[in-house]
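Please open the model in your viewer and keep the selection panel at hand. The stops below are meant to be taken in order.

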Amino acid sequence: MKGKKVIVTGGAGFIGSHLCERLVKEGAEVVVIDDLRSGSKENLESVLSDITFIHSSTLDIKKCEAAFANAEIVFHLAAVASVAESIEDPVFTHTVNVDGLVNVLELARQAKVKKIVFVSSAAVYGSDAPLPITEEEPFSPESPYALHKIIGEEYVSLYHRLFGLEVAILRFFNVYGPRQKPDSHYAGVISIFMDKAKHREPLSIEGSGEQTRDFIYVDDAINAMIRAAKVDTKKVVVNIGTGKQLSINELADSVNTAVDNTAGTSHIAGRVGSVRDSVADISKAKEILGWQPKISISEGIAELKKEYNLK
């Protein structure tokens with residue numbers, strides 16, 4: 001990546017800020033486009049002097065246009081990434097998630113960008129896919145957010161076919177790690193659990209807690225994105241997870257044990273639009289990207305203990 005001009009939309013967010021740190025470390029010329037609706041400049045504090053920051057939504061195509069000149073790679077992360085918010089306000093979230101992406105694709109096409117790395121989601125598969133989930137499973141959206149990701153994948157693929165844009169579509173499973181805020185629409189269950197445990201409160205589990213997820217640490221996700229940008233393929237679609245299934249009950253026990261929280265757990269109503277079980281088949285990512293996850297859930301929780309100042 002050394003010397004390459006790279007654009008990161010949503011670069012001030014949880015995943016985007018970690019990506020920017022890695023890109024700067026690799027010597028890339030980094031341009032971040034972010035409206036700070038959910039992200040924060042504080043997330044970029046360690047690299048803010050080394051990047052170009054454009055305070056803008058991807059919906060403002062005029063404000064973003066100049067940034068694309070001479071760019072070689074675009075990482076598109078900008079989105080309203082909340083299932084709940086997409087159900088509450090499908091029109092607004094569609095505008096950001098779909099129209100914003102089309103703007104980015106058009107600017108990339110006009111600037112002759114070589115490759116776009118599009119962050120999709122395991123939500124595209126829905127609840128009924130056999131486990132572990134392969135990339136060949138049909139789409140089955142259960143929320144507007146999932147549908148937006150499907151539309152996004154189709155648009156990215158269309159620009160590949162029509163205009164020759166190289167594309168990498170990464171279907172992220174449940175990414176967690178530092179800077180994932182526990183008090184926002186976008187909060188992941190691990191950040192919420194860590195915050196509760198820090199305050200010695202019971203961990204609130206939605207539904208029975210027997211629902212399962214595939215939790216991948218943010219550093220492993222970033223490694224996959226970097227590999228996807230570097231790999232010499234015209235188009236790739238891969239799952240990014242660990243291939244390991246963990247129930248929410250098991251996760252809660254792991255967090256409470258790790259931080260010595262004796263408050264236990266409590267159960268609340270389940271969330272509309274949330275899938276029942278999810279675990280990735282990551283064989284394609286291993287084969288095509290030459291990538292595999294390295295950080296276990298216990299190691300990831302240990303890293304988060306540092307952020308939450310827990311011994």
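Select Tyr 155, Leu 158, Leu 162 and Phe 163, which together make a nonpolar surface patch of about 360 Å²; patch members have over 30% relative accessible area and no salt bridge (a side-chain nitrogen of Lys or Arg within 4 Å of a carboxyl oxygen of Asp or Glu), and nonpolar side chains (Val, Leu, Ile, Met, Phe, Trp, Tyr) are joined within 5 Å, like charges within 9 Å. Areas come from the Shrake-Rupley method with a 1.4 Å probe, and for residues only the protein chains shown count as cover.

This is a predicted model, in which local features need pLDDT of at least 70 and side-chain atom pairs count only at pLDDT 80 or more, while totals for chains, interfaces and linings use all residues. Residues are numbered from 1 along each chain as its sequence is written, and side-chain values use heavy atoms, with hydrogens and water left out.

Stay on Phe 163, which lies in helix H5 (residues 144-163) and is partly exposed, with a relative accessible area of 42%; buried means under 20%, exposed over 50%, and partly exposed in between. Helices (H or I, at least four residues) and strands (E, at least two) are DSSP runs, numbered from the N terminus.

Next select strand S5 (residues 115-121), where seven of the seven residues are buried: Lys 115, Val 117, Val 119 and Ser 121 point one way, and Ile 116, Phe 118 and Ser 120 the other.

Now add the neighbouring strands, where pairing requires at least two DSSP bridges. Strand S4 (residues 73-76) pairs with S5 in the parallel sense over four bridges, with Val 74 opposite Ile 116, and strand S6 (residues 166-172) pairs with S5 in the parallel sense over seven bridges, with Ser 121 opposite Phe 172.

Finally, show S5, H5 and S6 together, since they make a right-handed β-α-β unit: with the strands pointing away from the viewer, the path from the first strand over the helix to the second runs clockwise.

Definitions and conventions
Buried < 20%, exposed > 50% of the residue type's maximum accessible area, 1.4 Å probe, protein only.
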